[in-house]
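Q: I have a multi-chain model open and would like to learn how to read it feature by feature. Can we walk through it together?

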Amino acid sequence: MIAFFSWVHQALTWGTVLKMVAGALIVLFFLLGAVTYMLYFERKVIGWMQLRIGPNRVGPLGLFQSFADILKLLAKEDIVPAEADKPLFLIAPIVAFIPSFAVMAVIPWTASHVFTADIAVALLYYLALSSITIVGIMLGGWASNNKYSLIGGMRSAAQMISYEIPLGMSLLGVILLAGSLNIVDIVEAQRRFMWFVVPQFLGFCVFIVAATAELNRTPFDLPEAESELVAGYHTEYSGFRFAFYMLAEYLYVFAISCLGATLFFGGWSGPLLPGWLWFAIKVTAFIFFFFWLRATMPRIRVDQLMSFSWKFLLPLALVNIVLTSIIKYWVNAG
Amino acid sequence: MADIRTEEMLMNVGPQHPSTHGVLRVVVKLDGETIIDADPVIGYLHRGTEKLAEDLQYNQIIPYTDRMDYLAAMLNNYALVHAVEEAMDLEIPERAEYLRVIVMELNRIASHLLFIGTYLLDLGAMSPFLYVFQDRERIVQMFNEICGARLTYNYMRIGGVKWDAPPGWIDKVKAFVPHVRKTMGMLDDLVTGNEIFLNRVKGIGAYDADTAIAHSLSGINLRCTGLKWDLRRNRPYSIYDRFDFDIPVGENGDCYDRYILHLKEMEQSLRIVEQACDQIPDGPVMGKAPKFVRPPAGEYFSAIEGARGELGVYFVSDGKDKPYRLKFRRPSFLNLQLLPSLLKGQNMANLIAILGAVDIVLGEVDC
Amino acid sequence: MNAVSSWFGGFIWTGQTVAFFLLAVLVVLAAVTLLQFRKVMHMALSIGLVFLGMAGMYVLLGADFLAFAQILIYAGAITILMLFAIMLTRHDEVEEEERAGFRQWIAGLGAAALGAVMLWAIRTTAWPPASAQPPWPAQKSVNALAETLFTGYVVPFELVSVLLTVALVGAVILARKEE
Amino acid sequence: MTEDRRDDREAKHSRDSGAAGENGMVPPGRTAGKDAASSEAVAESVDSPRTVPPSAGRPGTESSDPEAGPAKGAAPAAERKAAGAARPAGPSKTAARSAAKKGESESPPDPREAPAKALLAEVLARIQATYPDVVEAAELTKFIPMFLIKRDAWRDVAAYLRTEEGLAFRYLEAMAGTDYPKEGYIEVVAYLTRIPEAITVGIKVRAPREAPAVPSLVPVFPGANWEEREIYDLLGVNFAGHPDLRRIMMPDDWHGHPLRKDYSPFD
């Protein structure tokens with residue numbers, strides 16, 4: 001199976017090209033389906049938390065609501081503001097979306113990478129690609145030629161850069177323990193040792209906070225703070241392009257949840273149940289957590305957000321790294 | 001290095017903006033996200049109520065008052081009928097006065113609930129908005145039962161109230177009171193101790209009592225500075241002197257105090273409602289008011305404690321059945337005056353926190 | 001199976017070679033358009049594209065770590081920093097059209113000469129024969145890099161980090177002075 | 001309702017009685033025909049306040065009001081069961097007219113009247129001591145002392161009322177403008193309140209309709225800012241010294257001032 005979709009060092013034939021495309025399409029459609037039902041899940045969960053019933057009109061239990069919404073978005077007119085920087089306005093959502101899909105390439109759904117790449121520097125790959133999305137968001141905010149969008153775009157850039165650092169730092173503890181940047185190695189290390197959430201609890205806390213901020217989700221949803229900035233960087237976007245931003249956002253929720261489940265909760269490993277089911281359960285728990293936060297928290301203020309990252313989260317992550325190194329050295333020595 | 005400057009930006013917050021609570025426009029001059037200057041622009045909802053009233057009989061003006069502070073229309077109704085009754089020395093049946101107090105305090109609760117919901121929504125917390133709407137909905141339903149309208153009640157008349165409470169209504173109100181207490185407890189648990197919320201509102205938009213008095217602020221905007229000024233106590237009207245309730249005041253005059261005072265005032269309103277429901281006598285609900293209300297010629301000013309502050313009515317009568325001049329002293333209008341000076345030097349996020357805490361209703365600001 | 005490779009008599013078309021040519025075209029195009037664009041924002045974006053293409057080259061060379069560090073720092077952070085600077089400062093959208101004057105001619109000649117020298121150098125150098133395997137296994141490139149950095153080159157590495165810290169502090173001081 | 005509750009209420013009334021009035025409003029009809037009072041006349045009239053402006057000054061003063069004014073004799077306040085009109089006096093639902101008549105025959109006037117009169121006298125005396133010849137008239141409008149101030153002294157008197165020891169009416173409660181086309185002037189009234197005693201006095205000023213100009217109160221009461229802008233917008237009164245006199249309700253290019261009695265929409 002792995003060999004079937006591995007293509008880098010094979011001669012490029014029509015067959016291998018076909019296999020590449022097929023693999024990518026399968027993952028794409030799986031992810032689109034996952035995002036569709038994540039939206040449904042979010043609306044239902046938050047609805048219940050707010051004593052509402054959530055969507056229940058389209059299909060049984062409202063199961064097709066998200067499809068209806070997507071259809072609506074696709075059917076909408078693609079409006080480009082007159083004063084916008086047109087080429088940038090048009091490509092910005094795509095710039096934001098592509099990395100969000102690309103990062104999924106390193107997520108191991110199961111013990112064997114079926115459609116995804118088992119590369120040595122998977123974590124670095126994730127961090128690197130996710131930083132490109134910021135460019136897309138900023139461009140969208142700038143190109144709209146709308147002041148709310150501009151502020152939203154700048155806020156999100158500042159926020160995502162600030163929180164990428166603690167996010168990366170919080171992963172370092174895991175990397176130190178596993179001795180590898182490869183996600184499969186990290187999961188294997190957890191199977192031998194224990195889930196890293198235990199020895200890396202501090203790192204996990206930093207991770208979950210930084211991840212929430214990186215995802216622009218409540219309480220860190222300042223870039224699209226609807227009560228201040230209307231809709232932040234995507235104020236002017238409509239229809240299909242708006243859908244791209246939404247898609248990117250939810251794909252990142254999914255990706256971060258996968259990452260969290262893999263790095264701190266043993267990924268696909270677990271007793272009795274098959275690996276993919278374990279993975280799905282853990283990822284769903286993560287996603288639920290983000291939705292839960294959204295129903296509970298007010299929004300933090302932008303200056304507090306910055307100082308929280310630089311003055312609290314980053315030192316905490318550094319302390320975690322130092323502690324982990326010391327402990328690891330001590331264990332290895334002893 | 002010196003000629004690299006950040007760009008100043010002129011930004012229209014509103015009139016279509018989710019957090020201006022209506023058609024308010026605030027023209028802000030921004031440096032980055034810091035507000036250098038702010039200028040509220042109002043008048044988008046100006047309907048000329050005062051001009052219209054000059055061609056209306058006194059009882060016909062009452063529906064127009066509903067549209068001013070549409071979140072607390074009962075209080076507006078009362079402000080007008082109270083002013084006219086004062087001018088004419090009318091006597092109101094006991095039961096009518098009790099019904100008035102009950103609906104006014106319920107309306108104050110509904111209005112405060114809505115404030116809490118929308119304020120937290122402004123601050124990014126979504127759920128409290130839906131929680132408070134459940135309780136508000138029950139109040140609105142009760143109003144629907146007593147006067148047939150959910151928002152614009154047109155319930156009071158000069159000389160009494162239009163309808164008596166339907167059977168069992170008073171009991172329903174009584175049963176409702178503990179329910180609100182439960183909601184308030186929940187809000188307290190969910191929000192009041194939340195670190196993020198506290199960081200957003202504590203010490204934000206603070207001013208002292210002298211500033212508040214100088215700018216003619218009233219209601220919670222004045223009481224948050226620690227000044228005990230509530231017309232229900234300081235200048236008792238209606239039958240408020242029969243009830244046992246406190247005037248909660250703040251300490252620091254910041255947004256947090258304003259938020260928490262809304263919660264505390266709801267508790268006091270609940271106490272009044274409880275007592276009024278216990279004491280309410282039987283009897284007619286409409287006094288012997290003349291068909292054509294003709295206050296003696298002269299000028300009159302009276303004020304009540306509205307949901308947002310002092311709701312005053314000034315009118316000049318020429319002895320006819322229509323006012324020669326009618327002027328409402330709208331609390332939101334005056335409370336909004338302090339906004340520009342509060343906003344200077346703050347950032348965009350604080351704009352929302354400060355504006356939200358002023359608790360304006362644009363229907364009233366513009367009148 | 002009808003191999004794509006048969007199109008170009010004998011030349012082995014692997015994914016790698018296809019990727020190389022795609023990336024090469026991308027990088028060159030982005031670099032050229034960078035000079036052609038009139039809006040600063042578009043320039044910043046195309047320089048980001050150049051960085052990305054170079055990262056792709058590093059991947060093809062088996063230097064994964066370097067590639068993703070390049071994306072993280074150059075394509076991500078530096079591009080965003082430039083975008084930030086552009087957004088926050090006043091800048092004139094329209095610049096006057098430059099005429100093809102004497103300077104342009106000199107620059108063109110210089111560029112052509114440089115290209116010729118480079119080509120000559122590449123053609124005359126005796127390259128070692130291509131080996132099927134990279135000097136270290138792909139999975140171990142990070143470890144190898146780390147070991148080299150922290151053993152043989154630890155002093156320069158630390159010096160560079162000190163330099164960066166000094167630069168950071170200097171930037172903060174300069175920014176503070178404005179207030 | 002129990003009797004002791006009522007006593008409570010009475011006690012409260014006497015406590016803040018200075019603020020609110022009773023039914024002792026002097027109907028303008030009674031004083032119709034009297035001349036506009038000079039300041040000396042006002043000083044004399046303190047004991048029995050009267051509307052000082054000529055009858056024409058109040059539209060519709062001629063309207064024959066059947067109500068007689070309440071008796072002016074002072075009487076112990078505590079005897080009245082309900083103070084003020086809006087307060088119910090037990091089960092008896094007396095309509096206004098009969099109440100007023102009864103008030104004359106059997107029950108003494110509102111307990112709020114005497115303190116209001118005292119306040120009127122006191123404030124008037126103090127203003128006149130500092131600014132002689134600025135009070136054109138003084139009267140009780142329902143239990144609120146009202147002083148008609150000369151235009152030039154308008155801001156000074158307001159500042160005096162605000163800052164003077166013992167007066168300290170620091171709270172501008174409301175401002176309103178009224179157009180009197182027949183008399184040819186626009187009147188601006190301001191209610192000033194002492195917090196927390198809730199004692200209110202009103203001051204007013206008149207400006208000719210053709211070119212109404214009044215000194216602004218904003219330097220004294222910042223809270224007058226928007227009220228004055230509103231009066232400027234709707235009535236066209238120019239407030240000299242206002243820092244930011246722009247239209248507030250109507251669009252900037254609006255013609256005319258809607259609250260004027262002769263206003264007709266501009267076509």
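A: Sure, let's start with strand pairing. This is a predicted model, and in chain B six bridges join β1(B) to strand β2, residues 25-31, with the two running antiparallel.

Q: Which residue of β2(B) does B:Met11 stand opposite?

A: B:Met11 faces B:Val28.

Q: What is the order of the strands in the sheet, and is the pairing parallel or antiparallel?

A: The order is β1-β2-β3 in chain B, an open sheet of three strands with antiparallel pairing. β1 (8-13) and β3 (34-41) of chain B are the edges: each has a single partner strand, so one side of each has no neighbour in the sheet. As for twist, neighbouring strands here are turned by 20° against each other on average, ignoring direction.

Q: Now a single residue. Is D:Asp179 buried or exposed, and why?

A: Check its relative accessibility against the cut-off: buried means under 20%. D:Asp179 comes out at 1%, so it counts as buried. D:Asp179 sits in strand β3 (residues 171-180) of chain D.

Q: Which backbone nitrogen lies 2.8 Å from a polar atom of the D:Asp179 side chain?

A: That of D:Lys261. If you list what D:Asp179 touches beyond four places in sequence, you'll find B:Tyr324 from chain B, plus chain D residues including D:Tyr185, D:Arg209, D:Leu235 and D:Asp262.

Q: How should I think about nonpolar cores?

A: The general idea is that in soluble globular proteins, nonpolar side chains tend to be buried together. Here the largest nonpolar core has 225 residues, and B:Leu106 and B:Trp169 touch the most other members. Helix α4 (residues 94-122) of chain B supplies the largest share of this core, 15 residues. Another core, of 80 residues, lies apart from it; A:Met104, A:Val174, A:Ala213 and A:Phe279 are among its members.

Q: Which residues is B:Trp169 in contact with, leaving aside neighbours within four places in sequence?

A: Among them are B:Leu99, B:Ile102, B:Val103 and B:Leu106, along with B:Met142 and B:Glu145.

Q: Last one: which elements of chain A have the lowest and the highest mean pLDDT?

A: Helix α1 (residues 2-5) of chain A has the lowest, 45, and helix α8 (residues 201-214) of chain A the highest, 89. For the chain as a whole, the mean pLDDT is 83, and 93% of chain A residues reach 70 or more. Over residues 1-5 of chain A, pLDDT stays under 50, and the model has nine contacts beyond four places in sequence for that stretch. Where pLDDT is low, the predicted coordinates should not be read in detail.

Technical notes. Residues are numbered from 1 along each chain as its sequence is written. Chains are lettered from A and ligands numbered from 1 in the order in which they are written. Side-chain values use heavy atoms; hydrogens and water are left out. Two strands pair if DSSP finds at least two bridges between them. Helices (H or I, at least four residues) and strands (E, at least two) are DSSP runs, numbered from the N terminus. Axes are lines fitted to C-alpha atoms, for helices over the stretch in contact, and angles run from 0 to 180 degrees between N-to-C directions. Buried means under 20% relative accessible area, exposed over 50%, partly exposed in between (1.4 Å probe, protein chains only). A polar contact is a pair of N or O atoms within 3.5 Å; within protein, one must be able to donate a hydrogen and the other to accept it, and residues adjacent in sequence count only if both atoms are side-chain atoms. Contact means heavy atoms within 4.5 Å. A nonpolar core is a set of buried Ala, Val, Leu, Ile, Met, Phe, Trp, Tyr and Cys residues joined through side-chain atoms within 4.5 Å. pLDDT is the predictor's confidence in each residue, from 0 to 100.
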